[in-house]
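Please open the structure in the viewer and keep the selection tool at hand. The stops below say what to select at each point and what is to be found there.

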Amino acid sequence: MQKITREQLIEKASELLANGTVSCVLGWGAGEFGYDVTPTVFKTAEEMKTGFVFSDFCGANFSKYLVAKTQKTEGKILVFLKPCDTYSFNQLLTEHRFDREKVYAVGIPCEGMADISKIKAICGEGISSITAEGDTFIVTTLYDDEPIAIEASAVLAERCVNCKSKKHVAYDELMGEDGDVLDSGRFDEVARLEAMTPDERFAFWQNELSRCIRCNACRDACPACTCEKCVFDNPKSGVENKSPANSFEEKLFHIIRAFHVAGRCTDCGECSRVCPQNIPLHLLNRKFIKDINEFYGDYQAGAEVGSRAPLVNYTTADLEPGEVFNREG
Amino acid sequence: MQRVGVFVCWCGSNIAGTVDVQAVSEALKNEPGVVFSTNYQYMCSQAGQDMIKNAVKEHRLTGIVVCSCSPRMHEATFRKTAAAAGINPYMVEIANIREQCSWVHKDMLTGTEKAIILGKAAVAKVNLNTPLIPGESPVTKRALVIGGGIAGIQTALDIADAGFPVDIVEKQPTIGGKMAQLDKTFPTLDCAACILTPKMVDVAQNENIRIFSYSEVTEVKGFVGNFDVTIKKKARFVNEDICTGCGACVEKCPMKKVPNEFNLGMDNRHAIYIPFAQAVPKVATIDPNACNMLKNGKCGLCARVCAAGAIDYKQKDQFIEEKYGAIVVATGFNPISMEKFDEYAYSQSKDVITSLEFERLTNAAGPSAGKLIRPSDGKHPHTIVFVQCVGSRCESCAEKGKEYCSKICCMYTAKHAMLTRDKYPDTEVYVFYIDVRTPGKNFDEFYRRAVEEYGVKYVKGMVGKIVPEGDKLKVQASDLIANRQLHIDADLVVLAAAIEPDKSARPLATMLTASMDTNDFFTEAHPKLRPVESPTAGVFLSGACQGPKDIPETVSQAGAAAAKVIGLLAKDKLMGNPCVAQSDELMCNGCSTCANVCPYGAISYEDKEFRMPDRTTKIRRVAAVNPAVCQGCGACTVACPSGAMDLKGFANSQIMAEVDAICK
């Protein structure tokens, strides 16, 4: 289903490794299952040929890995960035989180990534292989004799259904063609939540957030969460590694995190992608983005390096806090 | 653990009347860290302060909690007491149990309960206090005065007389302000020009004063003692240094039909103009909206006739950056627009004018050379009606008027009425009023003279409607004392329009971070005790920008503001505020958010080497706060995404401890 192939990416990486432009490659490595892809550092073309993967399950956003990796690596790092990844890339540059000089960014097109939980919902567990043929996935499982064909569009990850942009906002080199910023319906779901009564909304989030097991995967994957010392790991904070003591506290972790990334979240959707409990965490962040857009005019974090987010900027045209309060919800 | 002493003040009956002070001091005895707790009638008195000093010695106190009035009132007092007793002044916390408790509660039980809670919060905070030591910052010995009316002029002259350089920024081409437009001044009736223009000349000739006319302040950075100000000198298309003010250009300018703002549009001026004969600086200015040469490159007459060669059509706006130690705001006032007052027919009839227009009509240098005429037909008016409080004291008409009293109208209307009767005894003069307010030295005598000696007809009541009919103005009014309706056929109606702060005040207040009230008047640090200082350190207030004022009051305030500025500039160094931001380098991400929000430019970044647990080193970008520049506003602490930034004396942990103590 992806237009760009694994072979093309390996060829590009091999060329850049060979001519000394980069010293290593940040890419997707094979995991235990075909759909189980792990961020991996490749040092040679040979390593890539055996371990590199590019498929419809390569959703991981590598921008965040650059923060730690650029500190440790001599020479440049090659990173493959999908359009949505480039926004996180820019946002991290705005926050001076890594040295741009140490990165060689190759923009790659993306046709949308598949959500394995949606496939599992159709085929059940025990998936032994998934192959893409045109716009169809052929899935074989341990329990079914015949392979199952699934329309790719039916199992598109939620963030890709509402893809905000096929345009790369940062790269050194682009493979394939660049797309446009899309007019996505990504705020429709937020609007639906806003239309609820406070009690309904509370019940909705109570239900969703009660599944949280505090594995911290959302925080660990989030490209906006790059603090040297996270408040939830800081013994001085009083909330370090604390499991929820009651139904109120379990909400706080996610709401604090949403506030923490407000104005900096590029809506890459990694939080929801990595959540093992399928909590739609991106909706919390999108609520903030929607509010910021409505209160201060459209703002896309990461669209350009060095932009001043409305929440940390002041103009005399800013609306008065009372107006925000009066709007409620 | 701290050893905390709690001192509960009665404030006479101010606190003790609604708070059981004995119960408060008893309750706070059991709080963590508290080793001594007492109460006393006046803690701020010498005896009260001695009580604190003795308790520090006797109980070896390390922290002090005073439950009293607002910290704005006596925090400094008690800090000094602590210092005198030998402990760090920043180990003192105030629980405000007066303004925030006794004054807002009527019931003893609830008042006492709240006072105990506020005391507990202060104890919780002081337990986490650490001794702080203030730094010092230098003082730039130059003052900026914004506005060149009588307020700005007087302030600048007084500061300059003390030997400090002063810059005046005036947005008009000349200084002088509203007073330059006036005819006579109450209560002594000396001519405004006669007393103002010598002062304007003094300003021009004073070596310590620079005038930036036709200029605006566009940016203010820094803080008390160290303001960095950008001044935009608007292009006047005339080289100020060369122009002699001879006026040859004005005479030759073919564009003669530009409404003259100095005469409030009652006559015309040329596209190149000098606002009035005594203008300072006496330099011509080209109006870019009217000049043919600037609009379409056709003309150039003024350049040809200028013997000095001062005309420069290519002149650009100039931006000047200067450092100041103190800033005085003297932006003054304007009469409100009469457009919305349809009942007075201001828009329909030329013969309904405002009081300021009346000033120009009676001024010898005005459009009618001082002869009182009807603007419509130039005829001599016989029946003149003055309406007071047009838009003032107008609670029901907030959308077009003001709720406050404009203060000066009663006196100038009496002056107008008296002068009219004096010069034209054939006139009949009515004044409609809600109240006549004439407090002030020789003011009431002045008003009585208008009534008793000059026969001005004062009528208590408001004008309901004015209808132009033929060449008359039909005035319908009520006489509240005689309880009857009046119908007057007037030739001229003069409206005493309410006054409001100049429109430039609001954006200026934002630049200065100086506070304003809902009417856009600048607020003073204390209405009684600090009336000429803004709550923002280093910003002072002069004249009507702070509230409606007449000339005598404006001049006294101008002098007072100057005295405060001189007091500031006379210091070589200012003691800083030690409650400044501080970054925890181990947590800082170097993301620059704090530097972006810092209004003072106090935060910079450095690459610093850190030893990692595995014995490697890592170079990271981290924030560093310049404590001399930081003003402790705390914007960075809330913006910091990683929680690395904290405010000394107001640490997040201290504030959380207070909240916890309150919610316990």
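Within chain A, 67% of the contacts with a separation of 6 or more are between residues 24 or more positions apart. The model is a predicted one. Select chain A and colour it by secondary structure: 13 helices and 8 strands appear. Of its 329 residues, 35% count as buried.

**The contact between the chains**

Next, display the residues of chain A and chain B that touch each other. Chain A supplies 14 residues to this contact and chain B supplies 18. On the side of chain A that touches chain B, the residues divide into 6 charged, 5 polar and 3 nonpolar.

**Strand 1 of chain B**

Now select residues 4–9 of chain B, which make up strand 1. How many of the residues of this strand are buried? The count is 6 of 6, and the strand is thus described as mostly covered. B:Val4, B:Val6 and B:Val8 point one way, B:Gly5, B:Phe7 and B:Cys9 point the other way, and all are buried.

Add residues 34–40 of chain B, strand 2, to the selection; strand 1 of chain B pairs with strand 2 in the parallel sense over 6 bridges. Here B:Phe7 stands opposite B:Thr38. Then add residues 63–68 of chain B, strand 3, where the pairing with strand 1 is also in the parallel sense and runs over 5 bridges. In this pair, B:Val6 faces B:Val65 of strand 3 of chain B.

**A five-stranded sheet in chain B**

Move on to the open sheet of 5 strands in chain B, whose order is 10-7-6-18-29 and whose pairing is parallel. Its edge strands are strand 10 (209–212) and strand 29 (539–541) of chain B, each of which pairs on one side only. Neighbouring strands of the sheet are turned against each other by 20 degrees on average, direction ignored.

Within the sheet, select strand 6 (residues 143–146) and strand 18 (residues 326–329) of chain B: they run parallel and are joined by 4 bridges. Label B:Ala143, and its bridge partner in strand 18 of chain B is found to be B:Ala326.

**Helix 7 and helix 8 of chain B**

Show helix 7 of chain B together with the sheet. The helix lies across strand 6, strand 7 (166–169), strand 10 and strand 18 of chain B, and runs at about 170 degrees to strand 7 of chain B.

Add helix 8 (residues 192–205) of chain B beside helix 7 (residues 150–161) of chain B; their axes come within 10 Å and cross at roughly 50 degrees. The two helices are therefore oblique to each other. The crossing of helix 7 of chain B with helix 8 of chain B is left-handed. Helix 7 of chain B contributes B:Ile150, B:Ile153, B:Ala156 and B:Leu157 to the contact, and helix 8 of chain B contributes B:Leu196, B:Lys199, B:Met200, B:Asp202 and B:Val203. By class, this contact has 7 nonpolar, 2 charged and no polar residues.

**Helix 13 and helix 14 of chain B**

Finally, select residues 409–423 and 443–452 of chain B, helix 13 and helix 14, which pack at an angle of about 35 degrees with their axes 9 Å apart. Helix 13 of chain B passes helix 14 of chain B in a left-handed crossing. Which residues meet in this pair of helices? B:Met411, B:Ala414, B:Ala417 and B:Met418 of helix 13 of chain B meet B:Phe443, B:Phe446, B:Tyr447, B:Arg449 and B:Ala450 of helix 14 of chain B. By class, the contact has 8 nonpolar, 1 charged and no polar residues.

Definitions and conventions
Residues numbered from 1 in each chain as written. Chains lettered and ligands numbered in written order. Predicted model: local features only at pLDDT ≥ 70, side-chain atom pairs only at ≥ 80, totals over all residues. Axes fitted to C-alpha atoms, helices over the stretch in contact; angles between N-to-C directions. Parallel < 35°, antiparallel > 145°, perpendicular 65-115°, else oblique. Left-handed = near helix turned anticlockwise from the far one by under 90°. Contact = placed C-beta atoms within 7 Å. Nonpolar A, V, L, I, M, F, W, Y, C, P; charged D, E, K, R; others polar. Pairing = 2+ DSSP bridges. Buried ≥ 20, exposed ≤ 12 C-beta atoms within 10 Å, placed from the backbone.
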